[in-house]
Amino acid sequence: MSSSRTRVLDLYKRLQYLGRDYPGGPDKFRQKCYNAFKRQSGETDPAKIEKAIGLGEYVVKEIEALYSLRKYRAMKKRYYDN
């Protein structure tokens, strides 16, 4: 139980950190993230907790890909005039 708790807390912290640069504002992202975690806070089934952690990890990867794409587009725009 404590292992999944630490994983959930780590996931929450990573999402909060990644939300700083989210399009639409960090406050909006922070509130949505908080609501999503609050909605799942009463879950006790280990299988459902693992599934939710997996979904959260997927969201982290998608956000990182979004940021990488944004950086790539900015760099491409800076060096190529099309």
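The questions below concern salt bridges and the nonpolar core in a predicted model.

Q: How many salt bridges does the structure hold?
A: A pair counts when a side-chain nitrogen of Lys or Arg lies within 4 Å of a carboxyl oxygen of Asp or Glu. Among the pairs that qualify are Glu-50 with Arg-7 and Arg-14 with Asp-10. The number of salt bridges in the structure is 4.

Q: Which helices does the pair Glu-50 and Arg-7 link?
A: The side chains of Glu-50 and Arg-7 meet in a salt bridge, 2.9 Å from N to O. The two residues are 43 residues apart, and the pair links distant parts of the chain. Arg-7 belongs to residues 2–18 and Glu-50 to residues 46–79, which are helix α1 and helix α3.

Q: Is Glu-50 buried, partly exposed or exposed?
A: Buried means under 20% relative accessible area and exposed means over 50%, with partly exposed in between. Its salt-bridge partner Arg-7 has a relative accessible area of 33% and is partly exposed. Glu-50 has 37% relative accessibility, so this residue counts as partly exposed.

Q: What separates Arg-14 and Asp-10 along helix α1?
A: The side chains of Arg-14 and Asp-10 form a salt bridge at 3.5 Å, N to O. Because they are 4 residues apart in helix α1, their separation is about one helical turn.

Q: Which parts of the structure does the pair Glu-57 and Arg-14 tie together?
A: Glu-57 and Arg-14 form a salt bridge, with 3.0 Å between the closest N and O atoms. In sequence the two parts are 43 residues apart, with Arg-14 on one side and Glu-57 on the other, so the pair ties together helix α1 and helix α3.

Q: Which residues are joined into one network by salt bridges that share partners?
A: Arg-14 pairs with Asp-10, and Glu-57 forms a salt bridge with Arg-14. The bridges share partners, and the network consists of Asp-10, Arg-14 and Glu-57.

Q: Which elements give two or more residues to the largest nonpolar core?
A: The largest nonpolar core has 8 residues in all. Its members are Leu-11, Leu-15, Leu-18, Phe-29, Cys-33, Val-60, Ile-63 and Tyr-67. The elements that give two or more residues are α1, α2 (26–39) and α3.

Q: Leaving aside neighbours within four places in sequence, which residues are in contact with Leu-11?
A: Leu-11 is one of the residues of the largest nonpolar core, as is Val-60. With neighbours within four places in sequence left aside, the contacts of Leu-11 are Phe-37, Ile-53, Gly-56, Glu-57 and Val-60.

How values were computed: Residues are numbered from 1 along each chain as its sequence is written. This is a predicted model: local features need pLDDT of at least 70, side-chain atom pairs count only at pLDDT 80 or more; totals for chains, interfaces and linings use all residues. Side-chain values use heavy atoms; hydrogens and water are left out. Buried means under 20% relative accessible area, exposed over 50%, partly exposed in between (1.4 Å probe, protein chains only). A nonpolar core is a set of buried Ala, Val, Leu, Ile, Met, Phe, Trp, Tyr and Cys residues joined through side-chain atoms within 4.5 Å. Contact means heavy atoms within 4.5 Å.
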